[in-house]
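Work through the exercises below with the model open. Each task is followed by a stepwise solution.

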Amino acid sequence: MAKTVLNRVKGGDIELHEKVVAINRVVKTTKGGRAFSFSALVVVGNGNGVVGHGLGKAKEVQEAITKGIDDAKKNLIKVPIMHGTIPHEQLAKEGAAKVLIKPAAHGTGVIAGGSMRAVLEAVGITDVLSKSLGSANPHNVVKATFTALAMLREPIQVARQRNINLKKVFNG
């Protein structure tokens, strides 16, 4: 099943804030001993509907984080945000990780755990209900959350695709 992300964004002149989600120490055993390296999962966002995630690998932690940020800036998407929340409920799956995100009333806050919270806060969502189902692997949870956010559609876009009035989208 091919996934298409239609709402890509160029990250040239956008002010982005980065958040390190996970750092993993990797050990490779060679005949000369153990060789240590690090991988860093990073999320970047402008807090106003643009978010990206990336993975960086290097011998030093700081270098891995820098590479992760550069990778994340290459994978930016635009997410529709309405009144601080998402327009509709969305379910997405990546590997064994499954995530469910739902719109919430103003004042609810970001109800999300761990790596999912980092993505939702980076994109600028202030009120959302979410649940991570299945695997808690941070890499797959971030990818599943990213996929769910990429699948969100604005009501105007839905009305245009269905050739109906915008009021009819809300009233069913």
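**Exercise 1: Fold order**

Read the order of elements from the N terminus on. The protein runs β-β-β-α-β-β-β-β-α-β-α-α-α. That comes to 5 helices and 8 strands. Helices (H or I, at least four residues) and strands (E, at least two) are DSSP runs, numbered from the N terminus. The model is predicted: local features need pLDDT of at least 70, side-chain atom pairs count only at pLDDT 80 or more, and totals for chains, interfaces and linings use all residues. Residues are numbered from 1 along each chain as its sequence is written, and side-chain values use heavy atoms, leaving out hydrogens and water.

**Exercise 2: Place V61**

Find the element that holds V61, then classify its exposure. Step one: V61 belongs to helix α1 (residues 61–74). Step two: its relative accessible area is 30%. Step three: buried means under 20%, exposed over 50%, partly exposed in between (1.4 Å probe, protein chains only). V61 is therefore partly exposed.

**Exercise 3: Burial and contacts**

What share of the 172 residues is buried? Buried residues make up 39%. Next, take the contacts (heavy atoms within 4.5 Å). Among those with a separation of 6 or more, 58% join residues 24 or more positions apart.

**Exercise 4: Charges**

How many positive and negative side chains does the protein have? Count Lys and Arg as positive, Asp and Glu as negative; His and the chain ends are not counted. The result is 25 positive and 12 negative. Place each charge at NZ of Lys, CZ of Arg, CG of Asp or CD of Glu. The centres of the two sets then lie 9 Å apart.
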